[in-house]
Amino acid sequence: MSVNKQVDPDIVTVHEVRDIFSDRRWTIMGALLGTCTAILLVHSLEANKVYSFQRELGLGIVASTMPFQIVYCALHLFARENEEKLLEIDLKRIGNLSVVCQIISYGSMIGILIMWYGISSFVGPLLVASSIVAFLTVRFVLYSSVTNSENDSELNNSKSNDERVQNDRHYSDSNHRPW
């Protein structure tokens with residue numbers, strides 16, 4: 001027997017669960033977990049390499065974020081498998097926990113950057129500079145895209161945030177920005 005909103009108003013809808021636990025977030029976290037695993041495996045093969053504080057710090061950061069990536073994946077699986085019977089309070093609780101796990105997990109990129117920065121005196125600074133330029137370029141393009149006058153008037157006449165989201169041409173599959 002399927003439980004729905006008419007029977008129990010505290011049960012969330014499938015759409016509400018998928019707004020919080022989207023496939024895009026799952027893919028990003030899976031890719032991050034795979035990258036961190038590969039980095040740790042490769043560097044464990046080089047364990048006898050000359051000691052470098054920078055390398056050890058980077059590996060330590062990567063290793064310390066992996067449990068949070070795994071917990072996020074477990075929360076995502078739990079929510080999606082139980083999406084038809086989750087209570088509102090439970091979804092809110094695991095949703096908040098998943099946000100914390102995501103934020104800590106993204107810290108692994110700092111560890112990767114620290115390790116790559118030490119490759120050479122040219123690679124590190126160029127990596128940081130190009131990362132900053134790439135980030136600023138993406139931000140600039142996303143928030144200064146030119147739309148025709150019809151789309152501008154359609155967006156300005158929107159009455160609610162839901163309507164604004166529907167008129168957002170950048171993220172038609174989700175109500176959430178990636179940051």
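How many helices and how many strands make up the secondary structure of the protein? In this predicted model, the secondary structure comes to 8 helices and 0 strands, and reading along the sequence gives the pattern α-α-α-α-α-α-α-α. The protein has 179 residues, of which 27% are buried, and among its contacts with a separation of 6 or more, 73% join residues that lie 24 or more positions apart.

**Helix α2 and its surroundings**

- Helix α2 covers residues 23-45, and its 23 residues should span 33 Å at 1.5 Å a residue, which agrees with the 33 Å that separates its end C-alpha atoms.
- Along α2, the buried residues are Arg-25, Met-29, Leu-32, Leu-33, Cys-36, Ile-39 and His-43, so that the list holds Arg-25 and His-43 as well as residues such as Leu-32 and Ile-39.
- The cover over these buried residues of α2 includes α1 (14-20), α3 (53-81), α4 (88-106) and α5 (108-117).

**The packing of α2 against α3**

- Two packed helices are described by the angle between their axes and by the distance between those axes.
- For α2 and α3 the angle is about 145° and the axes are 9 Å apart, while the crossing in which α2 passes α3 is left-handed.
- From the α2 side, the residues that meet α3 are Asp-23, Arg-25, Trp-26, Met-29, Leu-32, Leu-33, Cys-36, Thr-37, Ile-39, Leu-40 and His-43.
- From the α3 side, the residues in this contact are Arg-55, Leu-59, Val-62, Ala-63, Met-66, Gln-69, Ile-70, Tyr-72, Cys-73, His-76, Leu-77 and Arg-80.
- Sorted by character, the residues of the contact of α2 with α3 comprise 15 nonpolar, 4 polar and 4 charged.

**The largest nonpolar core**

- The largest nonpolar core has 21 residues, and those that touch the most other members are Val-17, Phe-21, Ala-79, Leu-86, Leu-91 and Ile-94.
- Two or more residues of this core come from each of α2, α3, α4 and α5, and the largest share, 7 residues, is given by α3.
- Phe-21, one of the residues that touch the most other core members, is in contact with Tyr-72, Leu-75, His-76, Ala-79, Arg-80, Leu-91, Ile-94, Gly-95 and Ser-98, once its neighbours within four places in sequence are left aside.

**His-76 in α3**

- His-76 has its place in helix α3 and counts as buried because its relative accessibility is 3%, where the limit for burial is under 20%.
- Not counting residues up to four places away in sequence, His-76 touches Phe-21, Ser-22 and Trp-26, and Trp-26 is also among the α2 residues that meet α3.

**Ile-20 in α1**

- Ile-20 is found in helix α1 and counts as partly exposed, since its relative accessibility of 30% falls between the limits of 20% and 50%.
- Leaving aside neighbours within four places in sequence, the contacts of Ile-20 are Arg-25, Leu-91 and Gly-95.
- Ile-20 and Gly-95 are 75 residues apart in sequence, yet their C-alpha atoms are 6.5 Å apart in space, and Gly-95 also appears among the contacts of Phe-21.

**Ile-114 in α5**

- Ile-114 is found in helix α5, and, with its neighbours within four places in sequence left aside, Ile-114 is in contact with Gln-54, Leu-57, Gly-58 and Ile-61.
- The C-alpha atoms of Ile-114 and Gly-124 are separated by 8.4 Å, and the two residues are 10 residues apart along the chain.

Notes
Residues numbered from 1 in each chain as written. Predicted model: local features only at pLDDT ≥ 70, side-chain atom pairs only at ≥ 80, totals over all residues. Heavy atoms only, no water. Helix = DSSP H or I, 4+ residues; strand = E, 2+ residues; numbered from the N terminus. Expected span 1.5 Å × (residues − 1). Buried < 20%, exposed > 50% of the residue type's maximum accessible area, 1.4 Å probe, protein only. Contact = heavy atoms within 4.5 Å. Core = buried A, V, L, I, M, F, W, Y, C linked by side-chain atoms within 4.5 Å. Axes fitted to C-alpha atoms, helices over the stretch in contact; angles between N-to-C directions. Left-handed = near helix turned anticlockwise from the far one by under 90°. Nonpolar A, V, L, I, M, F, W, Y, C, P; charged D, E, K, R; others polar.
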